[in-house]
Structures are given as structure tokens and as C-alpha cells.
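Reader: Got a minute to walk through this one with me? Let's put it on screen.
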Amino acid sequence: MDAAIATQTALTAPGPAAPRLEAAGLVRRFDGRTVVDDVALSVPAGQVTCLLGPSGCGKSTTLRIIAGVERQDAGRVFIDGALVCGDGLHVPPERRSVGLMFQDFALFPHLSVAGNIAFGLPHAMEGRAARVDALLERVSLTGFGAKFPHELSGGEQQRVALARALASRPRIMLMDEPFSGLDERLRDGIRDETLALLKEAGTAVLLVTHEPHEAMRMADEILLMRAGRIVQRGAPYNIYNAPVDRAAAAFFSDLNILDGVVQGALTGTPFGEFLTPGFADGTPVEIAIRPQHLKIDFDRGGRGPNPTPEDGTPARGTVERARFLGRDSLVEFRMDFGDAILRASVPGVFLPKPGTVLWLMIRRDRCHVFGLGRAV
């Protein structure tokens, strides 16, 4: 068999080990600008994968290519190992066994709740009404079938959209910021209910969001996108604690930045020397630490235990302002060194007056070091 034909056969033939959804080398250009740049992903059955990134980074375009409503300029998409687009083939959206959920719910205002849910089911389908009733029960809307969308709350409309997406038993669910239209009171509960239903059905889920908190809460795997490319992928814990660069770290939370220059695999800071191996002498670096890992040394001056080696050397700062944020307090310090401003997140209520002098330490094991360029 010709090698090229053998390769194509291996790529397109479905097999038991194939991921539910796979994309390889996706590229999309608009007016000469590349908005999706060599994107590859794989989502097995029952997994939630999140495309996370700022607005305009190519997340939604990637989703539309996989759904079949947007045609790529290059690359392939496979469902259960079978090619659905690429190499001149384009399977239409309705034949891909893909469910879609969007931010605006996209319910038909002239159809009842039952009519919306049944819209994607064949009219001649046996047990069509029973399927609708079963879905209404699953999304806790029993008895709502005769109502119309304008008679429902936002949360109820979201559950109708979910039931409609599940009606045809899709193997893949594509979700484009589906919860952003809900108020915060409802959002967490609706998200959890939705994911429970999808995981129970073994559906592969690809979710688009620009909210790190949502991605951390929902995803088994996060794909962080920037300027059309996936810059990092991994489990939420790993992508949060081992960011690939400063921008990746800053996407998940505020950062405090200490500047330094490497000498002998060490970088001096007001908090002591940091191990910075892998950088040539003279390389400027940034040491980044999140506000929750900046510690206040209440025992400074011998009134308590000495700081551990992980905490480094205390440095002195003066409180600029303090704000209570509900679960914690955010305190801003103007440090003695370089007039720098550092922010510390303190659990509970801690509101020292401006002008209060305190000593700070940083968790060395929670710091991230990023190089700024070549040695000088």
C-alpha cells in the first residue's frame, strides 16, 4: 500500500482508542491576519477541556471550525477517529453529532419550551415526546413544557438550552461562554449541574471562556490561548502553579514583580538571594509572586519563631491602603527598597491604618522566575 494512503487510512479510520474529539494543525485567516495558528487539541469522552484566553485570541473561531460552521484554511478535525473536515472533506454541522451552547441561549421565542427542546429531533422519531419529558425532568423543569422563553428566568432559559443541546445525545458538546449571561448567584449552581449531566452521559466537552475562575472550576484540562496559538496546556493545578511565562501567570491573578540580575545562578533581592539556575550571568530576570503568597511577619523583632528558609529574609514596608474584599483583605505596601509597591492578600479582616510599618516575607517555593532576554 502506498505510504500516503496508509497514513490517511490510519488517520481517518475510527478505532476504540481514538479520542472523542481531535484537531490537528488548525489555521484560519481573515483579511491576511492569522486568527487561529496551528491549533491542536484532543478531548476524550467524559472530559472537560477549556479553551481559555483573552477576547480576540481565536477561541471562538476554533470552536466554530470544530462545529463545522466555519471553514479552516488548513488542518483537520476528527470525531471518534473519523475525519469530518480537512483534505477537501467538510461534513456539515448537523451530521457531526455535536451539541452547541452559546452565551445568548439562542432559544426560539415563538416555540414553547418543549418545542425548543424537540427542535433538533426527527419529527417521526418514536418516543419524541417522552424524550422531551425525560430531559425536562433531568434539568429540573418538569411541567415547564408549555411555557415560552420570555416567561422563564435566565437560569431556567439556560437549562432549556442545555436540554435542547442534549436532546440528540451528542458525543461532543461545544460551549461558547454559555454561563456569562447569568448573574453570579446562579452561575456556580448551573455550571455544576450542567457538567454533572454531561459527564454522566460520557460527553466530551470543549468549553470557551475568558474567565480563569470558570476554567479552574470546570476544566479537567486547560488550553491557554494567546494570539491564535495555544501557549500552554495542562491540568488546572499545573497550569496555575507552573506558568510558562509572566503573561500566563498574570492571566490567573495579580502579580508582585521583583527585578534582578543573575550572578552565579543566584539573583539578589531585598528578600535575600534566590536560586535562579538555567540563566547565564548578567541575565535580567523577573521574580513573580502572587499576593496570597506574600506573608506578613508579625513576629519580626524576636517576638516569635524565626522565619523558615523558604520564607527568606524579611523586608520592611509601609501600608499605603487596605481594603476588605469579603473572603480576604488586600493590603498595599510601599517598600523601603526602590519605592516599590507590593500587594498582600490576607485571609479574613485585616485593615491596618495607612502609615503602619510591617515586615514582609515571600514564599520562595511559590515564586516564578522569568528571563527578560540575553545576558548583559
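Author: One cut-off before we start: buried means under 20% relative accessible area. Also, this is a predicted model.

Reader: Fine. Is Cys 50 buried or exposed?
Author: Buried, because its relative accessible area is 0%.

Reader: And Cys 57, buried or exposed?
Author: Cys 57 has a relative accessible area of 2%, so it counts as buried.

Reader: How many disulfides turn up in the whole structure?
Author: The search finds 0. Cys 50 is in none; the nearest cysteine sulfur belongs to Cys 57, 10 Å away.

Reader: Why no bond for Cys 57?
Author: Its closest cysteine sulfur, in Cys 50, is 10 Å off, and that is too far for a bond. A disulfide needs the two sulfur atoms within 2.5 Å.

Reader: Switching to the sheet. What's the strand order?
Author: β2-β1-β4-β5-β6, an open sheet of 5 strands with antiparallel pairing. The edge strands, pairing on one side only, are β2 (33-43) and β6 (89-90).

Reader: Which helix packs on that sheet?
Author: Helix α2, residues 59-67. It touches β1, β2, β4 and β5, and its direction makes about 120 degrees with that of β1.

Reader: How many bridges between β4 and β5?
Author: 3, linking residues 74-79 with 82-86 in the antiparallel sense. Phe 78 has Leu 83 in β5 as its bridge partner.

Reader: Last one. Where is Ala 250?
Author: In helix α9, residues 246-252. Ala 250 counts as partly exposed, because its relative accessibility is 40%. Its C-alpha is 33 Å from that of Gly 99, 151 residues apart along the chain.

Technical notes:
Residues are numbered from 1 along each chain as its sequence is written. This is a predicted model: local features need pLDDT of at least 70, side-chain atom pairs count only at pLDDT 80 or more; totals for chains, interfaces and linings use all residues. Side-chain values use heavy atoms; hydrogens and water are left out. Two strands pair if DSSP finds at least two bridges between them. Helices (H or I, at least four residues) and strands (E, at least two) are DSSP runs, numbered from the N terminus. Contact means heavy atoms within 4.5 Å. Axes are lines fitted to C-alpha atoms, for helices over the stretch in contact, and angles run from 0 to 180 degrees between N-to-C directions. Buried means under 20% relative accessible area, exposed over 50%, partly exposed in between (1.4 Å probe, protein chains only).
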